[in-house]
Amino acid sequence: MRSRGVTARVPAKVNLQLSVGPLGSDGFHEVTTVFQAISLFDDVTVATADKGEGIKISITGQTSGGVPADNSNLAVKAAQLMIKNYDLPQDLVIKLKKEIPVAGGMAGGSADAAGVIVGLDSLFELGLSRDVMESVGSKIGSDVPFSICGGVAIGTGRGDQITPALAKGSYNWVLALSGQGLATPSVYQECDRLREGLSIAAPVVSEPLMQALRAGDAKALGKALTNELQPAACSLRPALRLALDVGVDYGALGGIVSGSGPTVAFLVSDDDHAMDLTVALSSSGVVSSVVRASGPTNGARIIESF
Ligand code: ATP
């Protein structure tokens with residue numbers, strides 16, 4: 001059989017705001033977050049395969065190390081769910097080309113799940129609406145709906161209830177990457193430990209942040225960045241504080257641990273500024289590599305059909 005396939009390109013995210021409510025009785029935290037999709041991408045190819053082959057996954061790209069090539073991969077989980085929900089053929093090839101850091105707080109696994117959902121929708125001409133695809137994605141992981149949506153959006157609930165936000169402008173980011181990831185559940189546990197005994201309010205969207213986005217004001221946005229998981233990520237990985245300090249010293253408009261970390265995202269004013277900070281971070285010895293990106297970008301979209 002000649003295989004047919006499509007490739008979806010899916011962005012990483014940074015959280016411009018991440019506010020964490022108290023630990024719920026279901027073991028999860030209610031969050032309010034503002035996501036921005038940025039120009040670091042995974043390419044996700046899904047193609048038909050011969051009957052009896054099952055789902056086969058292969059992973060390449062700069063950040064493929066440590067990504068499971070088995071049924072625990074979120075891309076495979078997404079394929080299994082799509083097959084079950086829409087009675088699709090059970091034999092598929094999935095190819096991931098990864099550029100998004102793994103366990104970096106940038107939704108890398110979620111991006112791949114989103115790519116599979118959007119890819120299978122296109123490959124089998126299911127005609128699913130974005131809302132329906134986001135709802136399928138939310139069964140795989142909290143960040144999957146945003147990876148489908150892209151742009152700038154508010155996430156509530158577990159971060160999986162997505163509302164696109166009004167935002168102007170384009171923003172330059174310098175990302176300080178760590179050689180070793182942080183597991184999201186450990187960061188939430190550390191957050192609970194640090195906040196023990198405190199009364200925690202329900203999370204709400206930051207008005208100064210939304211105002212900065214509506215105005216396209218990078219300076220105001222830099223000041224309004226907040227992440228309530230940052231103290232926990234820094235407690236588990238003290239070197240993150242040193243990286244944040246380098247950003248302050250080199251005049252970043254704002255610096256923040258992205259999501260559960262350990263990536264630190266710095267907002268900068270322009271290309272020259274990005275270059276200066278990239279050099280400073282690279283020579284500081286406190287980060288393992290530095291990449292540049294801009295945002296917002298589109299969510300998961302098809303870039304090739306064959
Ligand atoms: P988030 O920002 O959504 O909390 P993250 O970016 O910090 O997530 P991921 O890159 O999604 O973290 O990876 C977390 C773990 O999930 C990895 O350590 C890996 O074992 C597992 N994993 C499963 N599928 C994938 C995938 N397709 N890509 C990367 N990691 C995956």
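How many nonpolar, polar and charged residues does the shell around the ligand have? Let's count by class. There are nine nonpolar residues, eight polar and four charged. One thing before we go on: this is a predicted model.

Let's stay with the ligand. In total, 21 residues surround the ligand. Five of them come nearest: A103, G105, G109, D112 and D143. Which helix gives the most to this shell? That is helix α2, residues 108–123. Helix α2 supplies four residues.

Now the polar contacts. Start with D143. An N or O atom in the D143 side chain lies 2.5 Å from an oxygen atom of the ligand. Next, the backbone. A polar backbone atom of A107 is 2.9 Å from a ligand oxygen. G104 also takes part through its backbone, where an N or O atom lies 3.4 Å from an oxygen atom of the ligand. So much for single atoms. How much of the ligand does the protein cover? On its own, the ligand has 610 Å² of accessible area, and the protein covers 78% of that.

Next topic: pockets. Where does the ligand sit? Look at the largest pocket; the ligand is in there. The space in that pocket comes to about 1100 Å³. Its lining is made of 45 residues. Nearest the pocket centre are S110, D143, T184, P185 and S260. You have met D143 already: its side chain is the one 2.5 Å from a ligand oxygen.

Which elements give two or more residues to this lining? Two are strands, β1 (5–23) and β2 (29–48). The helices are α1 (74–86), α2 and α5 (184–195). By class, the lining of the largest pocket has 18 nonpolar residues, 19 polar and eight charged.

On to the second largest pocket. Its volume is about 220 Å³. Here 16 residues form the lining. T63, P101, V102, S178 and G179 lie nearest the centre of this one. How many of its lining residues are charged? None: the lining divides into five nonpolar and 11 polar residues, with no charged ones.

Last topic: the backbone. Find P262 on your screen. The peptide bond that joins G261 and P262 is cis, and omega is about 5 degrees. P262 is in the loop between β9 (254–257) and β10 (264–268). Now move along to P296. Another cis peptide bond runs from G295 to P296, with omega near 0 degrees. Where is P296? Look in the loop between β11 (289–295) and β12 (301–305).

One more stop: D87. Phi of D87 is near 55 degrees. That is a positive value, and the residue is not a glycine. D87 belongs to the loop between α1 and β4 (92–97). You heard about α1 a moment ago, as one of the elements in the lining of the largest pocket.

To recap: the ligand sits in the largest pocket, and the protein covers 78% of the ligand's accessible area. Thank you.

Definitions and conventions: Residues numbered from 1 in each chain as written. Predicted model: local features only at pLDDT ≥ 70, side-chain atom pairs only at ≥ 80, totals over all residues. Heavy atoms only, no water. Near = heavy atom within 4 Å. Polar contact = N/O pair within 3.5 Å; in protein donor to acceptor, adjacent residues only side chain to side chain. Areas by Shrake-Rupley, 256 points an atom, 1.4 Å probe, with all protein chains shown as cover. 1 Å grid on protein atoms, 1.4 Å probe; cavity = no way out; pocket = protein on both sides within 12 Å on 5 of 7 lines; lining within 4 Å. Sits in = over half its atoms within 2 Å of the grid points. Nonpolar A, V, L, I, M, F, W, Y, C, P; charged D, E, K, R; others polar. Points joined across faces, edges and corners; volume = space filled by probe spheres on them.
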